[in-house]
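Thanks for coming. I will go through one structure today, starting with charged pairs, then the ligand, then a pocket.

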Amino acid sequence: MHWIAREHQFNFPRPTIVMGIVNTTPDSFTDGGRFLNADAAGAHALRLASEGAEILDIGGESTRPGSAEVSEQEELDRVIPVIERLAKRPELVLSIDTQKPSVAREALAAGASIVNDIAANRSDAEMWQVVAETGAGYVCMHMQGTPQTMQANPEYENVTSEVCDFFRERLALLSSHGVTTDQVALDPGIGFGKGLEHNIKLLRDLNKFSLVERPMLVGASRKSFIERLLGAPIDERLPASLACATWAAIQGSQIIRVHDVAETVQAVRMAEALAQ
Ligand code: 7PJ
């Protein structure tokens, strides 16, 4: 299995890829304002890369439940200067975390190689045209609803099979818009329109997604379902985040999206060595 993102190619099986989160949002619930400045965000990204992040995921729009939407210009002002700084280092694989096709297009022009689309449940095709035209990697994430509405009352009969059906339907739709299957990675969207029991079931069932035969990305780092299960406030969720990361890796997920790169790389490499 291959994942192709412009000039980059990941060939599986291989060690789990750790994707480091680079937040440029002043209202982000974890990094609140600390990386507003592009130099600081760029330096943070380089640190994550030195800690073993093989992909840096740069986002300028907070998608925490109920968060406000940001304008296109504001999002561009946050992410493009960071991407331009990092693009001087061609060995870095840059991902743009955006719901806006216009932001994806500019980010790819500035040197990004992957579009991380939390709104892959969209009905408009413009994002997929951008991905098809550029040959970018595409992360197709499952979400029920939108960030503004998703946590109101998430409902599923069987969350795992519904997410699996979504993946199959989107792979066909993407292909009909010229995005090749090799460009696509899939993500169950932990915390996006899911209650605690849905998040736990999706994580428990991760190995079932291997049937879809695409790389799986899992993002559980510091998410609030950890607090709902264990009572841990935001700055005390690293141990549970590491448990999710190692579990996901051992269940066959290929890409883990995290804030704490050094800790995750160590935990996942240990788990991989044990599981061999
Ligand atoms: C995810 C994401 C995720 C992908 C966020 C947070 C909220 N992109 N962007 N998967 N989560 N692909 O980091 O807590 O789970 S933003």
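Which residue forms a salt bridge with D57? The partner is R257, and the closest N and O atoms of the pair are 2.9 Å apart. Before going on, note that this is a predicted model.

Now to where the two residues sit. R257 lies in strand 10, residues 255-258, while D57 is in strand 4, residues 55-59, so this salt bridge ties together parts that are 200 residues apart in sequence. Is the pair buried or exposed? R257 has a relative accessible area of 18%, which puts R257 in the buried class. For D57 the value is 1%, also buried. The cut-off for buried is under 20%.

R257 has another partner. A salt bridge also joins R257 to D97, with the closest N and O atoms 3.3 Å apart. Here, too, distant parts of the chain are linked: D97 is in strand 5, residues 93-97, and lies 160 residues from R257 of strand 10. Both R257 and D97 are buried. Put together, D57, D97 and R257 form a network of salt bridges.

For contrast, take R47 and E51. Their side chains also meet in a salt bridge, at 3.0 Å from N to O. R47 is partly exposed, with a relative accessible area of 47%. E51 is partly exposed as well, at 22%. Over the whole model, the count is 18 salt bridges.

Next, the ligand. Which residues come nearest to it? There are 13 residues around the ligand, and T63, N116, D187, K223 and R257 come nearest. R257 therefore turns up again: a polar atom of the R257 side chain is 2.8 Å from a ligand oxygen, and the R257 side chain is buried by the value already given, 18%. K223 also faces an oxygen atom of the ligand, with a side-chain N or O atom 2.6 Å away. N116 has a ligand nitrogen as its partner, 2.7 Å from a polar side-chain atom.

Last, the second largest pocket. What is its volume? The figure is about 240 Å³. Its lining includes E61, E69 and K100, along with V70, M143 and P147. Among the other lining residues are Q99, N121, T146 and Q148. By class, the lining has four nonpolar, five polar and three charged residues.

To close, the item I would look at on the screen is R257: R257 belongs to the salt-bridge network with D57 and D97, and R257 is among the residues that come nearest to the ligand.

How values were computed. Residues are numbered from 1 along each chain as its sequence is written. This is a predicted model: local features need pLDDT of at least 70, side-chain atom pairs count only at pLDDT 80 or more; totals for chains, interfaces and linings use all residues. Side-chain values use heavy atoms; hydrogens and water are left out. On a 1 Å grid over the protein atoms alone, a cavity is a set of points where a 1.4 Å probe fits but cannot get out, and a pocket is an open set with protein on both sides within 12 Å along at least five of seven lines; lining residues have an atom within 4 Å of a point. Grid points are joined across faces, edges and corners, and a volume is the space filled by probe spheres set on the points. Ala, Val, Leu, Ile, Met, Phe, Trp, Tyr, Cys and Pro count as nonpolar, Asp, Glu, Lys and Arg as charged, and the others, Gly among them, as polar. A salt bridge is a side-chain nitrogen of Lys or Arg within 4 Å of a carboxyl oxygen of Asp or Glu. Buried means under 20% relative accessible area, exposed over 50%, partly exposed in between (1.4 Å probe, protein chains only). Helices (H or I, at least four residues) and strands (E, at least two) are DSSP runs, numbered from the N terminus. A residue is near a molecule or strand if one of its heavy atoms lies within 4 Å of it. A polar contact is a pair of N or O atoms within 3.5 Å; within protein, one must be able to donate a hydrogen and the other to accept it, and residues adjacent in sequence count only if both atoms are side-chain atoms.
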